[in-house]
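User: Please look at the structure below. I have some questions about its side chains.

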Amino acid sequence: MATADPAPATSQTTLIGSVQRAMRLLEAVASHDEGAPAKQLAREAGLALPTAYHLLRTLTHEGYLRKEKGVFVLGAAAERLSSGGVQQKRRSMIIEALEHWRDTLGVPVYFAVYRDGEIEVVAVADTPANPAVEEWADFRETGHAHAIGQCLLSQLDEDARRDHLDRYPVSSLTPYSARDERALLRKLGSLERMEPVVERQEYALGSACAAFPITVGSAAATLAISLPSHQFEKLLPTARQLQSEIGRLVGTLAFSISI
């Protein structure tokens, strides 16, 4: 007579009790802004005091807690976990917002900031049918040639702009690029406040881009779109449509400055 197969293990058997207890202690510590002593934490986590002491020592050793004046507070490792989660949520919010406008306008949408002396493209939303411009030359070093960089440079004060161009001198990437720094500065100086910056094949042959400044605190920031150069006539109207409807998106983008 065949014996019955043993009952399948339940998910409960795979749980590790010590990890569960440690997590309960971390949650208890997190609920006290000023920290709490071991006895109180043990009581709140439903643990025997010797077990709580052992776990608290381990969590402190690993940097998830630290002990100050007889109480336990969250340590640097726990704060990094929290910070990473917040950053991931912020970036997801930004990408979702850009994807909304990508689908609405039918063009790739870019968000970039000028941070710590560098051009940083924070997020891009595109599709296989409407791909973003390929970064064939480092965007950080070629800000003079693409609309994103030109828009960011136009928002800097004279000293910051000079510092950037000293580090990344103007050079022609295509036959349509600015020939020298004087030509670039002349273009930037001709821009009206909040006017989109437009470039056609200055960074990459076959591509055109428009970027406009947005206000997110004190940082220089920009939203941009791109199109194939043969659709250039659609570029500025599409950029202005995005610019006119961007108000509800700016709050989301502002979070990215601290990412």
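User: What relative accessibility does R140 have?

Analyst: This is a predicted model, in which local features need pLDDT of at least 70, side-chain atom pairs count only at pLDDT 80 or more, and totals for chains, interfaces and linings use all residues. Residues are numbered from 1 along each chain as its sequence is written, and side-chain values use heavy atoms, with hydrogens and water left out. Buried means under 20% relative accessible area, exposed over 50%, and partly exposed in between (1.4 Å probe, protein chains only). R140 counts as partly exposed because its relative accessibility is 42%.

User: Which residue meets R140 in a salt bridge?

Analyst: A salt bridge needs a side-chain nitrogen of Lys or Arg within 4 Å of a carboxyl oxygen of Asp or Glu. For R140 the N to O distance is 2.7 Å. The partner is partly exposed, as the relative accessible area of D138 is 23%. The residue is D138.

User: How many salt bridges does the structure hold?

Analyst: Side chains of opposite charge can pair when their charged atoms come close. The pair R140 and D138 is one case, and the pair R102 and D103 is another. For the whole structure the count is 9.

User: Is R102 buried or exposed?

Analyst: R102 forms a salt bridge with D103, with the closest N and O atoms 2.9 Å apart. The partner D103 counts as exposed because its relative accessibility is 55%. R102 has a relative accessibility of 15%, so R102 counts as buried.

User: What separates D166 and R162 along their helix?

Analyst: Helices (H or I, at least four residues) are DSSP runs, numbered from the N terminus. The side chains of D166 and R162 meet in a salt bridge, at 3.6 Å from N to O. Both residues belong to helix α6 (residues 158–167). They are 4 residues apart there, so the separation is about one helical turn.

User: Which residues are joined into one network by salt bridges?

Analyst: D166 counts as exposed at 52% relative accessibility, and R162 counts as partly exposed at 37%. Elsewhere, salt bridges that share partners make one network, and its residues are E118, D163 and R167.

User: How far apart in space are L185 and R161?

Analyst: L185 lies in helix α7 (residues 181–189) and counts as partly exposed, at 30% relative accessibility. In sequence, L185 and R161 are 24 residues apart. In space, C-alpha to C-alpha, their separation is 9.7 Å.

Terms used
Helix = DSSP H or I, 4+ residues; strand = E, 2+ residues; numbered from the N terminus.
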